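Visitor: I am in my first year of study and should like to learn how to read a structure with care. May I ask for a close look at one part of this one, together with whatever helps me to place that part?

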Amino acid sequence: MKEKPDVLQGTLALMVLKTLDVLGQQHGYGIARRIEQISGDILALNQGTLYPLLLKLEHEGSIVSEWGASENNRRARFYRLTATGRKQLQTETRDWNQTAAIIARFFEVKAEDLP
Amino acid sequence: MRFLRRFFIRLSNFTARRRADQRLQEEMAEHLALQTEENLRASMSPAEARRQAALKLGAAAAIRENYHAEQSLPFFENLSQDLRYAARMLLRSPGFSLIAVATIALGVGATTAIYSVIDATLLHPLPYPRPSELVRIEANLPGVGAHDVGFSIPELRDLQNAGIFQYVSFCFFGSENVTGSAQPTHIAGATVSPSYFAVLGVDAALGRTFNPYDASPGSNGEVIISDGLWKRAFGADPHIVEKSLRLDNDLFQIVGVMPASFRDQGQTREQVGTELWAADGFSDRTPPMRGTRLVYETIARLQPGLSPEAAQGRLDALVASLKKQYPADYPPQAEWTFHLTPLAESLVGNVRQSLILLFGAVGLVLLISCVNVANLLLARASARGREMAVRQALGAARMRLIRQLLTESLLLFVLGGTTGFAVLFCARKFLLQFIPESLPRLNDISISWGVLAFAIVVSVAAGTIFGLAPAWLTSRLDLTTTLRQEGRGSNGSRKRSRLRHVLVIGELALSLVLMVAAGLLLRSFWDLFKVQLGFNPTRVMAIETTLPNPNDPKTDIYRTATQESVFLREALRRIRTLPGVEETAVSDRAALPLGHGQIDLRQRPLIREGQDVQSSQPPLIDTSIVSPEYFHLLGMTLLRGRLFADQDLEDTPSIAVINQAAARTYWPGKDGKGEDPVGKRVIVRSRVAKPGWTTIVGVIADARTESLADAGIPQMYFDIYQRPAKFLALYLRGQVDPATIAAQVRTQVQAVDPEIPVFHAETLGDVLSSSLSVRRFSMEMVALFAATALLLAALGIYGTISFLVNEQSREIAIRLALGAQRRDILKMVLRQGLTLAGVGAGVGLVGAIIVSHLMAGLLYGVSPYDLSTFAGVTAVLTAVAIASSYVPALRAMRLDPITTLHSE
């Protein structure tokens, strides 16, 4: 049942985890809003795609959800990071930083640097 | 871990049909509400705010689909949908489903049945630890055309010490008289070397097996008994070990009882069911000479990790060095060699070929039944063209359609396969009766899990292969034409009907191959059945008996021919007085026509006066020992000289009778015209023979007493009143009741000597038919398969021609309306059937030539390219093809043009 790590989906999952890490408990709209705010207009995201992803993360045990009351006092589903999710976030952050650092170093290298 | 957790949650959602649609709807509604509020705050009009929110969220239907796919397992969901739909489709056309399922059940069931036999005989390893290490060793003298000549004691020691084998052992299968009890019983027993059980690697359940390093010559007085004998004769006595029993008046000590599951190695049912093993080192009576070969059945366990090929190589090296060391014993022209065969292979022997033939035949039946079902599926495809077109028009992907159709055909095949297996399972007892008793490892045949797995794998594979092509062609259609033509689909079906033709041609070709094989086997069987026997088996009954054979010759009361003749003459006289008995005779068991020979059925070296005296490798000849009445009772004709007479006794000169084949082979004369062997002198040594010359006094006509297939096996007969024999067969000719005769004869024999067992009464007619049993079995099976194949092919051609007539009904109607003769229409349709049959027969003949070439070894008296068989079978096939296209042709001929054209 392993799926190919789609770049966008993989990144989106990381963004969701990080958002929940920063904001604590949050509902779907809040997560979408936050991602939008931080990425600016660069990331054109169909907000709806968030929900299947949230369900997947829940199935994997990274987050849990429960019903609660939203700002305008309506029923909303709130998502929260679990211990597993936090650990996953840590490893994925480290991996991401590592990859980014390696790629960055490749970009920095100029022809004259080579021996 | 995460993937696994996710998978199990989805699986549980799928099985519980849990849906989270409600939750998503609520979340999305909330999402939209929040976004709309946000948009309103950004001073949009309410309508615009809602519109923008919805746009930002994306396509709701797609999200729900994705969400649902994440919630559950889409693959299994589709599968269960397809399965439900397929089941509904099958139920909707019960006639089609029934025929298809029955056809597949027939094919898979028959294939599985034959597979279960093959599984037990060819594939199942022998029931001993590390069975691949077990081998049989044979010594051959190809230079003088002698096979399995046996081993001498020094040769066996060389084998044991060569470092190639862990243990080497020999065994003599035979029978033992257990005496000393109320009724002397006769059991299948074997005399084995002490290393026998070490070779097989099986330990005793109670007590111990023999010490494999025991080198004491002769019997060491120890026996091991089977679990069955222990329970039957000793009441499962737990203290049986160290007790003794009497075999032919010799006292033996029981040292062990084998486990209940233990079966001896051997080719016949009798050998496998051996119940007593006596340990025997090499007799001290015979000096260990290299040329004195005493031991035949030799089995061994290879050193671990040594392959039979590598072992054969080392064995060849051993032979070469022995030849160099003992040039006098191994003259180069005899080309003495050792040959290794894996034990499993040597036990199955010549049955392998018959079984492979049967498996091939049943495989063809399976193929034909699959082709038939594929044909049915294609026929249905044209009926479902519209359904497929509508589905495609509504956006179903082609792969999705193929998947659905494939699910349908797989369901059909698996249903058929399980039906076939279920029928086989229920009928297994009934079917086992038809398997000849002489089939090796008959007891191991079972309908096991492995056989079930085979049935399922075959059904699934067949369903995939034969479902894929129809599914491919069904799903491939031209939407507009199909929909416009209201599913008549005559344009889109051109590919399909071409495939149908190919399938029918294939069916016809395959059934022709099967029929040729069956025809050739039938001809061989018939020829063997009708063969001139050279002896007359009618109304002859053979009953076996064994005289005691004690280890100490001094205690043997039947040691000399004179001693034995007193008993034999009295026993025969008494049997002759039984009601209905006209004639009696006695011989050793080697002379039992078509009986399986035992220890004494062995070729012996023939030393001819003036020819072979100096040679240490004389030719070998089959010998048997008979009473003077034997030839007359069996109706064997004397050609020259005389037969045995009453005045030939132990103290008169030793005489022998030979058959024509022996005369031809050993006394060819200088010019090849043959010289008269009568009066020639020979020496044929045996344990019981007096030293000195034996004179040949008569020549009888060849008879097929050794093998039905071969009349020309040289035979030499000795007089039982000159050479005593222990393993005897009593013959009586007359009108006797086979059910009670054994008891009557036993009473008479035991009136002479109460210690002598009498057993195994059989008419020679039964012996004859059981010697043909494996041949008869494979012939009958292949004939049955061929008949099935022909029936299926007839159905196939009938279906295809009917379908063609249906498709061309418009064309036919127009032709009729334009004034075509009805006779021409009939001819036109029949011609189509004949074309199919012709092409099918052509392809089939090529296949049949290949197959009959491969099975040449199974044929007797008929050439693999027998013209009359080939022609006859082709004629039958053509006739069947015409007959099965005749019905649809008649329908086409009687077509009413007006109604047909109106209905279109």
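Guide: What follows is a close look at the helices of chain B, beginning with the part that meets chain A. Please keep in mind throughout that this is a predicted model.

Let us begin where the two chains meet. On one side, 20 residues of chain A take part, and these are in contact with 25 residues of chain B. Four helices of chain B each supply at least two residues to the side that touches chain A: H1 (2–15), H2 (21–41), H3 (46–57) and H4 (60–71). Among these, H2(B) provides the largest share, with 9 residues. Sorted by character, the residues of chain B on this side comprise 10 nonpolar, 5 polar and 10 charged.

One residue in this part of the chain deserves a separate glance. B:Ser43 belongs to the loop between H2 and H3 of chain B. Its phi is near 55 degrees, which is a positive value in a residue other than glycine. Most residues other than glycine have a negative phi. B:Ser43 counts as exposed because it has 8 C-beta neighbours inside 10 Å, and a residue is exposed if it has 12 or fewer.

The partner chain may be described briefly. Chain A has 115 residues, of which 26% count as buried. It contains 4 helices and 3 strands, and from the N terminus on these elements follow the order α-β-α-α-β-β-α. Among contacts in chain A with a separation of 6 or more, 47% join residues 24 or more positions apart. Two of its helices, H2 (residues 28–39) and H3 (residues 50–60), pack with their axes 11 Å apart and at an angle of about 110 degrees. H2(A) and H3(A) are therefore roughly perpendicular to each other, and their crossing is right-handed. In this contact A:Gly28, A:Ile31 and A:Ala32 of H2(A) face A:Leu50, A:Tyr51 and A:Leu54 of H3(A). The residues of that contact divide into 5 nonpolar, 1 polar and no charged.

We may now return to chain B and compare another pair of helices. The axes of H6 (residues 94–123) and H15 (residues 398–426) of chain B come within 7 Å and cross at roughly 50 degrees. H6(B) and H15(B) are therefore oblique to each other. Their crossing is right-handed. From H6(B), the residues in this contact include B:Ala100, B:Ile104, B:Gly109 and B:Ala113; from H15(B), they include B:Leu412, B:Gly416, B:Gly420 and B:Leu424. The residues of the contact as a whole divide into 13 nonpolar, 6 polar and no charged.

After H6, the chain offers another residue with a positive phi. B:Arg130 has its place in the loop between H6 and strand S1 (134–140) of chain B. Its phi is positive, at about 40 degrees, although the residue is not a glycine. B:Arg130 has 12 C-beta neighbours inside 10 Å and therefore counts as exposed.

From exposed residues we turn to the nonpolar cores. The largest nonpolar core has 96 residues, and those that touch the most other members are B:Leu508, B:Leu514, B:Ala517, B:Val782 and B:Ala789. Helix H13 (residues 351–383) of chain B gives the most to this core, namely 18 residues. Leaving aside residues up to four places away in sequence, B:Leu508 touches several others, among them B:Ala793, B:Ile797, B:Leu836, B:Gly840 and B:Leu877. There is also a second, separate core of 62 residues, which includes B:Val540, B:Tyr558, B:Ala590 and B:Val682.

A final residue shows what burial looks like in a single case. B:Ala663 is found in helix H22 (residues 660–666) of chain B. B:Ala663 counts as buried because it has 24 C-beta neighbours inside 10 Å, where 20 or more are required. Setting aside residues up to four places away in sequence, B:Ala663 touches B:Ile658, B:Gly674, B:Pro677 and B:Val699. B:Gly281 is 382 residues away from B:Ala663 along the chain, and the C-alpha atoms of the two are separated by 38 Å.

Key
Residues numbered from 1 in each chain as written. Chains lettered and ligands numbered in written order. Predicted model: local features only at pLDDT ≥ 70, side-chain atom pairs only at ≥ 80, totals over all residues. Contact = placed C-beta atoms within 7 Å. Nonpolar A, V, L, I, M, F, W, Y, C, P; charged D, E, K, R; others polar. Axes fitted to C-alpha atoms, helices over the stretch in contact; angles between N-to-C directions. Parallel < 35°, antiparallel > 145°, perpendicular 65-115°, else oblique. Left-handed = near helix turned anticlockwise from the far one by under 90°. Core = buried A, V, L, I, M, F, W, Y, C linked by C-beta atoms within 7 Å.
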